[in-house]
Amino acid sequence: MKKLLEYLPFYMVVSLIIGIYLNHKLVHLHISISKILIVVIFLVILLFLSKRSSNNKYFPPILITSFICIGYLTAHIKNPKNHYNYYKNYNSKNKVITIQIKEKLKSTKFHQKYIGKIIAISNFSSTGNILLSIEKKYSQTLNIDQLIVAKPDFKSISPPLNPYQFDYRNYLAKQYVYEQVFLRKGEFEVIEKQKHTLKGIAENIRIKLEESLENQPFSKKALSIMKALLLGQRKEISKETLTSYTDAGVIHILAISGLHLGILLIFINFILKPLQYFIYGEHIRIIIVILILWGFAFISGLSPSVTRSATMFSFITLANLFHRKTFSEHSIISSMFILLLINPMNLYNVGFQLSYLAVFGIIWIYPLLFNLWNPRYLIIKKVWQLSIVSISAQIAVLPLSIYYFHQFPLLFLISNLVIVSLLGFILISGMLIILFAVSNTLPRFIVSAYDFIIIQMNTFVEWMASFEQFVLHEISLNQTQTIIWYLIIIAGIKSLYKFNKKTTFFALISFIILQFLFIHEKKTISTKNSLVVFHKSRETIIGKQRGKNMTIYNKIQDSNLDYIISPFKKNESLDITLEKRVPDILRHKENILFIMKNDDFSMIKGLKGNLIILLSNSPKINLNRVLINNNPKMVIADGSNYKSFIQKWEEACRKQKTPFYSTEKNGAYILN
């Protein structure tokens, strides 16, 4: 760790990250590229002059400032919004738009989903990314690089409409996608002419490899796992299987990443070890290793996770030429620097964050754990090494994993010991199976044997996931708490390498602050008293919260209810009680919520307090008369109402100057 702090590119990466973050947070500031470029050139000149000067005390601050500006500039340039030919700068209404398929997403019940890149409006070159949804009635699946033409209506992407829900709009914005387009069959045309990209070529190769596996008699379940492990495609894996892998703590094996390429790297290095005895053998070995790594990345479709891992391991492989331990840390920092320059939004990618944390965890924590015990017997030693690798990575990613996923599988160590031990054999034999499948020479007994191994692996994972009492669900960490946890972990690691009073004191103070935040959060929730009208299409869902308890009122209570309630429950650690009814009246402090489900509003008479009317299930009422006679504080229309009714009610409220709130437009209504 100390050596890393002496490595200049480390400060360059940190500065670059600050610049990218500032660009994202200050996106409303419309600063031209030319102005930023002038500042960067000026700082680079100062940097050069300060380096040549005998007194170079100004060099570090100028270097940091320069790379903050470079990070800001890189993020600014990469954003299509800042380009003169961005599609929103044109009047695109009723114009023919040419869209290139950039990425295939997981389809929904009714639509095939893609990320599309706009390349032309009429005959004018243009740029910009969109979310493209094509009705499933159009049976043909589009591939990467295919071109379509259409006259689409661009629609904004909806924000989350309920508290703590996943913000898909924000997630897409970090991929420079700001609008969406819905197309039906007959509203677009596929162009035969294509502009081929490297990713598109890789995708076509991957599809052919998938087809060769599909032609073999593998079971459906085994085939879906094989596609994830060998070709980076897990769209066909069932929701139940994904849940099992998550609860068992081995979900990471279903996404090709550093673990897979690390295993492949170990195997290749073992096979090519004899080359080191020849002249230039080490250089030849490194070239072959890098080619194989990128070959594997290529047949996996060059997904972001595998590209990131291939870059990281390429740097590590090159660093091995120097035979110095610290070069591992340096090469990882260098790979991070390159990946952020290529795509600044990698910074916000969860996989990117977890991958680098896991690797640094292994580099820094593994030696500490290894020194605790050095077994004499080889088998016990290998099991111990595999265990502490898993523990090291888990310690490093734990706070961030809880922040994003709100759960922790206590049996992760056992699951990883078994699955990771099998993974090497599954990956290498899987590569050979693909080769035989492509040449159509795969023996039937090998298919049966490999299928059996995959199914048994699945069975083991499902068995581990069945111990629900060992899976900690609904753990909550906010952003501040997560950062403090990492400060404690870093200070702890530093103290274990070399005891330092200041570092230990810092860790202790951080831990006290963390406890204070937990106590404050618990107290805030315990005193909370709120009423929430959630948004759900065709349904009325109301939540009444008192401290850590919340009662949910909803007549239907289908499986989709959890999608709405669960984020709220996880983030505030609530105990939920379900009531399969929606009452007519709910009282909250001095407010009275009257739920109007039909044209009978006689119950309103005599109600004392601030009246709030919730319109539910499209009641056929004369709202003007209701407003005049009762003078409510507010009128709310939830997702159970027809859109035409909501528009009519909004107009009536506007005329009577009564505040109107639509959950479809504004999201859940929260009354504190």
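**Entry 1: confidence and conventions**

What does the chain average in pLDDT, and what share of the residues score at least 70? I looked this up before anything else: the average is 85, and 92% of the residues score at least 70. Here pLDDT is the predictor's confidence in each residue, from 0 to 100. This is a predicted model, so I keep in mind that local features need pLDDT of at least 70 and side-chain atom pairs count only at pLDDT 80 or more, while totals for chains, interfaces and linings use all residues. Residues are numbered from 1 along each chain as its sequence is written, and side-chain values use heavy atoms, with hydrogens and water left out.

I also checked the extremes among the elements of the chain: helix α1 (residues 2-5) has the lowest mean pLDDT, 62, and strand β19 (residues 660-662) has the highest, 94.

**Entry 2: the whole chain**

I find 22 helices and 20 strands. These are DSSP runs numbered from the N terminus: helices are H or I with at least four residues, strands are E with at least two.

The C-alpha atoms fill a box of roughly 95 × 70 × 60 Å along the principal axes. The radius of gyration is 29 Å, which agrees with the value near 26 Å that a compact globule of 672 residues would have. That radius is taken over C-alpha atoms, and the globule rule is 2.2 Å times the number of residues to the power 0.38.

Of the 672 residues, 48% count as buried (under 20% relative accessible area; exposed is over 50%, partly exposed in between, with a 1.4 Å probe and protein chains only). Among contacts (heavy atoms within 4.5 Å) between residues at least 6 apart in sequence, 66% join residues at least 24 apart.

**Entry 3: helices α7 and α10**

Why do I call α7 largely enclosed by the rest of the structure? Because 10 of its 12 residues are buried. Among them are A222, L223, K227 and L231. The cover over the buried residues of α7 includes α6, α8 (239-247), α9, α10, α15 and α16. From its first C-alpha to its last, α7 reaches 16 Å, close to the 16 Å expected at 1.5 Å a residue; the expected span is 1.5 Å times one less than the number of residues. Just after α7, G232 takes a positive phi of about 70°.

Helix α10 (residues 281-299) has 19 residues and reaches 27 Å, close to the expected 27 Å. Its buried residues include E282 and R285 as well as I286, V289 and F296. They pack against α6 (198-214), α7 (220-231), α9 (258-271), α11 (304-319) and α15. G301, just after α10, takes a positive phi of about 90°.

**Entry 4: two leucine and phenylalanine checks**

L442 sits in the loop between α15 (412-438) and α16 (444-465). Is L442 buried or exposed? L442 is buried, with a relative accessible area of 10%. Not counting residues up to four places away in sequence, L442 touches Q216, F218, I433, F436, A437 and V447.

F505 lies in helix α18 (residues 501-526) and is exposed, at 53% relative accessible area. F505 and A491 are 14 residues apart in sequence and 9.1 Å apart in space, C-alpha to C-alpha.

**Entry 5: the five-stranded sheet**

I traced an open sheet with the order β14-β13-β12-β11-β20 and mixed pairing. Strands β14 (575-579) and β20 (669-671) stand at the edges with a single partner strand each, so one side of each is left without a neighbour in the sheet. The twist averages 20° from one strand to the next.

Strand β13 (residues 549-553) and β14 pair in the parallel sense over five bridges; two strands pair if DSSP finds at least two bridges between them. N549 stands opposite D575 in β14.

Helix α19 (residues 561-572) lies across β11 (529-536), β12 (539-546), β13 and β14, running at about 150° to β11. Axes are lines fitted to C-alpha atoms, for helices over the stretch in contact, and angles run from 0 to 180 degrees between N-to-C directions.

I stopped last at N554, in the loop between β13 and α19. N554 counts as buried at 1% relative accessibility. Leaving aside neighbours within four places in sequence, N554 is in contact with residues including E539, I541, L561, E579 and R581.
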